[in-house]
Amino acid sequence: VSGLGGVEFQRDRENEFKLSNETLSQLWNALDKTISEAIDVLNNLDEQNLCRKLVIQGFTVTSLEAIYHAIEHFAYHTGQIIYITKTLTGKDLKFYVIGEDGNPKPNW
């Protein structure tokens, strides 16, 4: 959001990895808000903006490269969360179920 959306980059990396007192509901709300902000930024991009060069965290990239990196980064951390959850609980999270037709169907 900050790189493509022009919002000032703010980060407190040290505190990002500390345990939080936030409730699950508060965490979901923060994630939903961030995703909504990202969607707004993407909806306002046009073809010219996708090729625009930006400097994000010291790296020069195009807007499109920044988008792909953000998707990759989000997916990577999502995978870590899923792996850790499965390891700690010993349970299949059942994101998909096999339907009567033999095809997987989302279970969320």
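Select S63 to start. This residue of the predicted model has a relative accessibility of 0%, so S63 counts as buried. The cut-off is simple: buried means under 20% relative accessible area. S63 belongs to helix α5, which covers residues 63–89. Now show what surrounds S63. If neighbours within four places in sequence are set aside, S63 is in contact with L4, N49, L50, R52 and L54.

Next, select T62. T62 sits in strand β2, residues 59–62. Is T62 buried or exposed? Its relative accessible area is 15%, so T62 is buried. Leaving out neighbours within four places in sequence, the contacts of T62 are L50, C51, R52 and K53. Compare this list with the one for S63: L50 and R52 are in contact with S63, and L50 and R52 are also in contact with T62.

Move on to Q48. Q48 is part of helix α4, which runs over residues 47–51. The relative accessibility of Q48 is 67%, so Q48 counts as exposed. Draw a distance from the C-alpha of Q48 to the C-alpha of S63. How far apart are Q48 and S63 in space? The two C-alpha atoms are 9.5 Å apart, while the residues are 15 apart in sequence.

Now zoom out to the whole chain. Colour by secondary structure and count: the protein has five helices and four strands. Along the sequence they follow the pattern α-α-α-α-β-β-α-β-β. The radius of gyration is 18 Å, well over the 13 Å that the globule rule gives for 108 residues, so the protein is more spread out than a compact globule. A box of roughly 45 × 40 × 25 Å, taken along the principal axes, is filled by the C-alpha atoms.

Stay with this view for some totals. Of the 108 residues, 9% count as buried. S63 and T62, from the opening stops, are buried residues. Turn on the surface: the accessible surface comes to about 9,500 Å², and 58% of this belongs to carbon and sulfur atoms. For contacts between residues at least 6 apart in sequence, 31% join residues at least 24 apart. Colour by charge as well. The protein has 10 positive and 15 negative charges, and the mean positions of the two sets are 6 Å apart.

Go back to helix α5 and select L88, which lies in that helix. L88 has a relative accessibility of 71%, so L88 counts as exposed. S63, in helix α5 too, is buried at 0%. Add A38 to the selection and draw a C-alpha to C-alpha distance from L88. The distance between L88 and A38 is 31 Å, with their positions 50 residues apart in sequence.

Two loop residues come next. Select Q57, in the loop between β1 (53–56) and β2. With a relative accessible area of 54%, Q57 is exposed. What is notable in the backbone of Q57? Q57 has a positive phi of about 50° although it is not a glycine. Most residues other than glycine have a negative phi.

Then select K94, in the loop between α5 and β3. K94 also has a positive phi of about 50°, and K94 is not a glycine. Its relative accessible area is 48%, so K94 counts as partly exposed.

The last stop is the aromatic rings. How many aromatic pairs does the structure hold? There is one aromatic pair. Select Y96 and W108 to see this edge-to-face pair, with ring centres 5.3 Å apart and an angle of 80° between the planes. Planes over 60 degrees apart count as edge-to-face. The pair links distant parts of the chain: Y96 is in strand β3 (residues 96–98), and W108 is in the segment after β4 (104–106), twelve residues away. Is W108 buried or exposed? The relative accessibility of W108 is 70%, so W108 counts as exposed.

Notes. Residues numbered from 1 in each chain as written. Predicted model: local features only at pLDDT ≥ 70, side-chain atom pairs only at ≥ 80, totals over all residues. Heavy atoms only, no water. Buried < 20%, exposed > 50% of the residue type's maximum accessible area, 1.4 Å probe, protein only. Contact = heavy atoms within 4.5 Å. Rg over C-alpha atoms; globule rule 2.2 N^0.38 Å. Areas by Shrake-Rupley, 256 points an atom, 1.4 Å probe, with all protein chains shown as cover. Lys, Arg positive; Asp, Glu negative; His and termini not counted. Charge placed at Lys NZ, Arg CZ, Asp CG, Glu CD. Phe/Tyr/Trp six-rings, centres within 6.5 Å; stacked < 30°, edge-to-face > 60°.
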